[in-house]
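Subject: Handing over a structure

Hello,

I am passing a structure on to you, and I hope you enjoy looking through it. Please open it first, then read my notes below.

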Amino acid sequence: RIIKSYETGRLDPRADLGPEIYVPTTLANLPKSIVHLILASVKRLPAILYHLAPHLLVLILFTMAAIQNGGLALGDKENHTLALHLPQTLYFSGTTLALTPIWFLFSARDLLRGLCNSGVLTVCAAALSATAIAVAMIFKGTIVHPFLLADNRHFTFYIWRRLLNGFRGYGRYLAAPVYVVSLVSMCAQLAKSTVFRSLLRQVLLFGAIAAVLTPSPLFEFRYFITPFFLMYVHYKPASVVEGLAQLTFSLCVNAGVLWIFLYK
């Protein structure tokens, strides 16, 4: 209800958000909108806790189990410790682009039109800034887990060895623009959905995804399953052709993975 009041630009008396409401349609007012949302959430904290009570029960039980277990991992705790692995969100964006190239291909024209309307200088400055942030995340936050170097049963072993750690170690930095393009493509697709149409909701979604992925030091596709399908269920193809093309591509990927698993 609080977020909905921001998006409509109308003050909902039941939400009691205060007199100043910002509609987060641009990056310029997005930071202020987030601040106002946080303040409004604090003001409505009792009501929020009431609605989140079932989820808080799960959180309490999870915390008790983690304390009793002596950690989050079951089994090999030494190789499954928590760490701040910033590039995980970048790996997720690149994986999403690799699995859903039809999204990007069919929305490329609209993306280019929207970028041109924003101004060449603005787009270039935003692209360079985003790429610089991605490079900094890769430079400061890359963690090379021992399993990533030793376990050749996983696709990530070969992706790291031949691509990300290839080109004399610069492959991971060369992939930064790809990550940025993928994030822009995902935002464009989410903007077509009903739930994540607003920029504020997209920021909250990616923040939640980052909070889930960054504590894991291991680059592994299974960690991306939940956030990927959360994105995928909100994918709305613009035409039947686009939907069939994405479906065909996904079936081919699944068939290829099964063939490798059975015969390689």
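**What I found**

The structure holds one cavity of 30 Å³ or more. Please keep in mind as you read that this is a predicted model.

That cavity has a volume of about 30 Å³. Its lining is made up of T96, L97, T100, W103, F104, S182, S185 and M186. Two or more of these residues come from each of α5, α6 (101–118) and α11. Helix α11 gives the most, with three residues. By class, the lining has four nonpolar and four polar residues, and no charged ones.

**The overall fold**

Stepping back, the protein has 14 helices and zero strands. Of its 264 residues, 31% count as buried. If you take the contacts between residues at least 6 apart in sequence, 67% of them join residues at least 24 apart.

**The nonpolar core**

The largest nonpolar core has 24 residues, and those that touch the most other members are Y91, F92, L164, Y179, I209 and M231. Two or more core residues are given by each of α5 (88–99), α7 (120–141), α9 (155–164), α11 (176–190), α12 (199–213) and α13 (225–232).

Y179 is a good residue to click on here. Leaving aside neighbours within four places in sequence, Y179 is in contact with L90, Y91, S93, G94, I138, L164 and R172.

**Two residues to compare**

Is V178 buried or exposed? Neither label fits: its relative accessibility is 40%, so V178 counts as partly exposed. V178 is found in helix α11. Its C-alpha atom is separated by 9.2 Å from that of L90, although the two residues are 88 apart along the chain.

Q88, in turn, has its place in helix α5. Q88 counts as buried because its relative accessibility is 0%. Apart from neighbours within four places in sequence, Q88 is in contact with L213, T214, S216, L218, F219, Y223 and F224.

**The second largest pocket**

There is also a pocket to explore: the second largest one has a volume of about 1400 Å³. It is lined by 45 residues, and the closest to its centre are T95, L99, F155, F221 and V257. At least two lining residues each come from α5, α9, α10 (171–174), α11, α13 and α14 (240–263). Which helix gives the most to this lining? It is α14, with 12 residues. The lining divides into 30 nonpolar, 11 polar and four charged residues.

**What the record says**

An unreviewed UniProt entry lists "transmembrane region" for residues 48–68, 88–106, 118–139, 170–191, 203–224 and 244–263. I looked at two of these spans in the model. Over residues 170–191 the chain is 86% helix and 0% strand, with the end C-alpha atoms 33 Å apart. Residues 203–224 are 50% helix and 0% strand, and their end C-alpha atoms lie 18 Å apart.

Happy exploring, and do write back with any questions.

Best wishes

Note on methods
Residues numbered from 1 in each chain as written. Predicted model: local features only at pLDDT ≥ 70, side-chain atom pairs only at ≥ 80, totals over all residues. Heavy atoms only, no water. Core = buried A, V, L, I, M, F, W, Y, C linked by side-chain atoms within 4.5 Å. Buried < 20%, exposed > 50% of the residue type's maximum accessible area, 1.4 Å probe, protein only. Helix = DSSP H or I, 4+ residues; strand = E, 2+ residues; numbered from the N terminus. Contact = heavy atoms within 4.5 Å. 1 Å grid on protein atoms, 1.4 Å probe; cavity = no way out; pocket = protein on both sides within 12 Å on 5 of 7 lines; lining within 4 Å. Points joined across faces, edges and corners; volume = space filled by probe spheres on them. Nonpolar A, V, L, I, M, F, W, Y, C, P; charged D, E, K, R; others polar. UniProt positions renumbered as here; feature names shortened; annotations may be inferred.
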